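Student: I have the model open on my screen. Could we walk through it together, one element at a time?

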Amino acid sequence: MSKPFDVAIERLMNQEAYFGAPWASLAETQKRGTFFLETFGCQMNEHDSEKVAGVLLQRGYRQVETPEAAALILYNTCSIREKAAQKVFSRLGEYREKQGEGKIIGVLGCLAQQEGEDIFARAPWVSLVCGSASYRKLPELLARLESGDHRVTGLDTDTDETFETEVTRRDNPFRAYLTIIEGCDKACSYCVVPHTRGPERSRASDGILREVRQLAELGYTEVQLLGQTVNSYADPSPRKMRFAELLLAAADVPGMRRVRFTTSHPSDFTADIVEAMEAQPKICDHVHLPVQSGSTKVLRAMQRTYTREEYLQKIAMIRGAARPIAITTDIIVGFPGETEGDFEETLRLLGEVQYDNLFSFKYSPRPNTPALHMGDAIPEEEKGRRLAILLEKQREIQLAQHTRFTGKTFEVLVSGKSRRENQWSGYTSSHRVVNFSSSGKELLGTYIQVRVTGATPNSLMGEQVA
């Protein structure tokens with residue numbers, strides 16, 4: 001199997017000189033035409049889209065910003081919540097007539113894997129249905145489309161080639177995503193991931209570290225290790241490197257200044273991960289640890305493999321670290337059978353943990369999940385009420401936390417420039433957004449010191465200091 005390599009934005013126009021790779025000629029590019037790619041969902045989907053774009057660019061396609069300008073229209077989809085799936089089918093409906101104009105429409109990702117060939121019945125103008133595990137086969141699938149096939153599928157879920165594509169086009173010039181584990185074996189009763197992403201498959205540690213070194217050579221200073229349950233990583237190579245060891249090894253790569261990871265599963269969050277974060281400042285002081293509910297009864301119905309008390313033990317372990325570590329989470333409200341008392345337990349959990357941020361959702365029944373057939377459904381209006389209460393409580397917590405940072409100084413990776421003069425934005429190691437003032441001119445991608453002067457629930461405000 002050929003090893004993957006990554007393309008930094010500034011080198012896209014000089015790929016062959018840098019990589020020695022068989023890139024398409026100008027004639028091939030003109031022949032292949034253009035593609036538009038829209039991504040829905042999580043960071044893993046965003047990274048998958050980078051892989052897809054790399055494959056297409058290498059094959060001779062040129063990316064455009066609107067579907068109207070594209071010969072090939074692709075939607076990389078999410079099926080975690082019903083709203084996301086509905087949005088994709090709404091997009092497909094907008095292009096019902098485009099196939100007649102010679103356009104090729106494709107559905108990629110989790111919804112493609114979930115619905116499979118049923119998408120052709122629901123949207124006959126779709127020509128390509130491809131799950132994430134089959135992206136390495138995209139050149140073959142595209143060749144079939146280019147030769148005149150009207151319906152092509154790639155729906156494998158258990159292939160060892162999940163991680164490998166010839167080229168990854170990087171959309172962010174400062175932070176690079178790197179998938180280290182695919183799929184999930186946890187079988188939560190509400191979740192489609194085991195069906196759409198397949199069983200857990202970890203990538204060999206030597207390949208991961210080779211790619212981290214490659215990213216550093218390209219000028220990337222921050223890498224984010226990805227997985228549905230990233231800390232469930234199990235090195236398949238003889239080295240048998242533990243997740244905490246992998247974090248330390250990635251942080252040791254010359255030129256790498258920050259190593260992040262997401263998403264962690266509470267049952268596999270072990271003390272050695274905290275010890276690694278204590279020992280190596282380059283491992284970012286942020287843990288995303290989804291709880292989903294503060295009620296043990298609901299957690300059992302969700303098949304989450306831990307109780308409220310066991311989750312709080314993990315929190316205590318993280319909070320007891322020698323360096324402060326920010327903790328964020330996911331919460332589902334309105335799961336079947338969730339009583340008002342269960343919801344109150346979740347609110348009390350927020351008060352006890354004091355999360356630095358959270359992502360919260362109304363429960364959404366999904367195909368191929370045990371929860372789909374559970375009784376005692378919560379009315380949508382009640383779900384909405386509970387969600388609003390939860391968000392308001394978390395808003396108060398975040399404002400109080402952020403206010404306490406006033407006067408403190410943080411290192412910020414500058415990632416954005418405002419239209420307003422001398423206004424910039426970036427992230428701390430704990431993944432807090434900082435909007436700040438500076439008279440600097442070329443700050444994007446640099447690390448600077450920022451003193452906090454104010455706060456909102458969602459961000460810090462500050463000014464650069466020498």
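Tutor: Happy to! This is a predicted model, in which local features need pLDDT of at least 70 and side-chain atom pairs count only at pLDDT 80 or more, while totals for chains, interfaces and linings use all residues. Residues are numbered from 1 along each chain as its sequence is written, and side-chain values use heavy atoms, with hydrogens and water left out.

Student: Which residues in helix 4 are buried?

Tutor: Helices (H or I, at least four residues) and strands (E, at least two) are DSSP runs, numbered from the N terminus. Buried means under 20% relative accessible area, exposed over 50%, and partly exposed in between, with a 1.4 Å probe and protein chains only. By that cut-off, the buried residues in helix 4 are Ala84, Ala85, Val88, Phe89 and Leu92.

Student: Why do the buried residues of helix 4 line one face of the helix?

Tutor: An α-helix has 3.6 residues a turn, so residues three or four places apart point the same way. The arc used here is that of the directions from the helix axis to the C-beta atoms. The buried residues of helix 4 line one face because, seen down the axis, they fall within an arc of 135°.

Student: What covers the buried residues of helix 4?

Tutor: Contact means heavy atoms within 4.5 Å. The cover includes two helices, helix 5 (109-115) and helix 6 (118-122), and also strand 4 (72-77), strand 5 (104-108) and strand 6 (126-130).

Student: How many residues of strand 4 are buried?

Tutor: Both faces of strand 4 are covered: Leu72, Leu74 and Asn76 are buried on one side, and Ile73, Tyr75 and Thr77 on the other. Strand 4 is therefore largely enclosed by the rest of the structure, and the count of buried residues is six of the six.

Student: Which residue in strand 5 is the bridge partner of Ile73?

Tutor: Two strands pair if DSSP finds at least two bridges between them. Strand 4 is joined to strand 2 (residues 34-39) by five bridges, running parallel, and Phe36 stands opposite Ile73 there. Strand 4 also pairs with strand 5 in the parallel sense over five bridges. In strand 5, the partner of Ile73 is Ile105.

Student: Let's move along the chain. In what order do the three strands of the open sheet lie?

Tutor: The pairing in this sheet is parallel. Strand 14 (286-288) and strand 16 (357-362) stand at the edges with a single partner strand each, so one side of each is left without a neighbour in the sheet. The order is 14-15-16.

Student: Over how many bridges do strand 15 and strand 16 pair?

Tutor: On its other side, strand 15 pairs with strand 14 over three bridges, with His286 and Ala326 as bridge partners. Towards strand 16, Thr329 has Leu358 as its bridge partner, and Val333 stands opposite Lys362. Strand 15 (residues 326-333) and strand 16 pair in the parallel sense, and the number of bridges is six.

Student: What angle does the direction of helix 15 make with that of strand 16?

Tutor: Axes are lines fitted to C-alpha atoms, for helices over the stretch in contact, and angles run from 0 to 180 degrees between N-to-C directions. Helix 15 (residues 380-403) packs on the sheet, touching strand 15 and strand 16. Its direction makes an angle with that of strand 16 of about 175°.

Student: Which residue follows helix 14?

Tutor: Helix 14 (residues 340-353) has Asp342, Phe343, Thr346, Leu347, Leu349, Leu350 and Val353 as its buried residues. They cover an arc of only 150° around the axis, which puts them on the same side of helix 14. What covers them includes helix 12 (296-302), helix 13 (308-319), strand 15, strand 16 and helix 15. The residue after the helix has a positive phi, near 60°, and is Gln354.

Student: Why is the pair of Phe405 and Phe410 edge-to-face?

Tutor: Rings of Phe, Tyr and Trp (its six-membered ring) pair if their centres lie within 6.5 Å; planes under 30 degrees apart count as stacked, over 60 as edge-to-face and the rest as tilted. The structure holds six aromatic pairs. In this one the ring centres are 5.5 Å apart, and the pair is edge-to-face because the planes are at 85°.
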